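Me: I am new to this structure and would like a close look at a single part of it. Please pick one helix, go through its buried side, and then show how that side fits with the rest of the chain.

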Amino acid sequence: MVKLRLKRCGRKQRAVYRIVAIDVRSRREGKDLRKVGFYDPMKNQTYLNVPTILYFLERGAQPTGTVQNLLKKAELFKELPSN
């Protein structure tokens, strides 16, 4: 199963996160399948690769709670075709 989750980057006390598609059994800093976005909580900036995120969501990828909140703020679920 694939999840969309945050991967920690940056230096000490100044974390930034990549949003990645990753296998459930991998650790947080493990090998990801694909980088699909970026999140900086200090500057409150978010970059999302929308077509790639939609691709993974349509194929059953599950976002974690935090990633789901970021996607809701970006109003990405409105673009997802409902079944």
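Reply: The part chosen here is helix 2, and its buried residues are V67, L70 and L71. Viewed down the axis of helix 2, these buried residues fall within an arc of 100°, so they line one face of the helix. The model is a predicted one, and everything below describes that model.

What lies over this face? The cover on the buried residues of helix 2 includes strand 1, strand 2, strand 3, strand 4 (45-48), helix 1 and strand 5 (62-63). For L71, once neighbours within four places in sequence are left aside, the contacts are L48, I53, L57, P63, L76 and F77. L71 also belongs to the largest nonpolar core, which has 16 residues. Within that core, L4, I19, I53 and L71 touch the most other members. The elements that give two or more residues to the core are strand 1 (2-11), strand 2 (14-23), strand 3 (34-40), helix 1 (50-58) and helix 2 (65-73). Helix 1 gives the most, with 4 residues.

The strands around helix 2 belong to a sheet. Five strands form this open sheet in the order 4-3-2-1-5, and the pairing is mixed. Strand 4 and strand 5 are the edge strands, each pairing on one side only. At one edge, strand 1 and strand 5 pair in the parallel sense over 2 bridges, and K3 stands opposite Q62 in strand 5. Helix 1 packs on the sheet, where it touches strand 1, strand 2, strand 3, strand 4 and strand 5. The direction of helix 1 makes about 120° with that of strand 3. Helix 2 also packs on the sheet and touches strand 1, strand 2, strand 3, strand 4 and strand 5. The direction of helix 2 makes about 90° with that of strand 1.

At the other edge, strand 3 and strand 4 pair in the antiparallel sense over 4 bridges. Y39 stands opposite T46 in strand 4. The hairpin of strand 3 and strand 4 has 4 residues between the strands. N44 is found in that loop, and N44 has a positive phi of about 55° although it is not a glycine. As general background, most residues other than glycine have a negative phi. At 57% relative accessibility, N44 counts as exposed.

A positive phi also occurs beyond the end of helix 2. E75 sits in the segment after helix 2, and its phi is positive, about 55°, although E75 is not a glycine. With 45% relative accessibility, E75 counts as partly exposed. Helix 1, for its part, is followed by G60, whose phi is positive, near 100°.

Helix 1 is part of the cover of helix 2, and it has a buried set of its own. The buried residues of helix 1 are T52, I53, L54, F56 and L57. I53 and L57 are both among the contacts of L71 already listed. The cover on the buried residues of helix 1 includes strand 1, strand 2, strand 3, strand 4, strand 5 and helix 2. Each helix is therefore listed in the cover of the other's buried residues, where a contact is a pair of heavy atoms within 4.5 Å.

T52 deserves a separate mention. T52 lies in helix 1 and is buried, with a relative accessible area of 10%. Leaving aside neighbours within four places in sequence, T52 is in contact with R34 and V36.

The structure also holds 1 aromatic pair. The rings of Y55 and F56 have their centres 5.4 Å apart and their planes at 80°, so the pair is edge-to-face. Of these two residues, Y55 counts as partly exposed at 41% relative accessibility, whereas F56 counts as buried at 13%.

One residue in a loop gives a contrast with the buried face. Q13 is found in the loop between strand 1 and strand 2. Q13 is exposed, with a relative accessible area of 71%. Apart from neighbours within four places in sequence, Q13 is in contact with R8 and M42.

To return to the chosen part: V67, L70 and L71 are the buried residues of helix 2, and their cover includes strands of the sheet and helix 1.

Methods. Residues are numbered from 1 along each chain as its sequence is written. This is a predicted model: local features need pLDDT of at least 70, side-chain atom pairs count only at pLDDT 80 or more; totals for chains, interfaces and linings use all residues. Side-chain values use heavy atoms; hydrogens and water are left out. A nonpolar core is a set of buried Ala, Val, Leu, Ile, Met, Phe, Trp, Tyr and Cys residues joined through side-chain atoms within 4.5 Å. Buried means under 20% relative accessible area, exposed over 50%, partly exposed in between (1.4 Å probe, protein chains only). The arc is that of the directions from the helix axis to the C-beta atoms. Two strands pair if DSSP finds at least two bridges between them. Rings of Phe, Tyr and Trp (its six-membered ring) pair if their centres lie within 6.5 Å; planes under 30 degrees apart count as stacked, over 60 as edge-to-face and the rest as tilted. Axes are lines fitted to C-alpha atoms, for helices over the stretch in contact, and angles run from 0 to 180 degrees between N-to-C directions.
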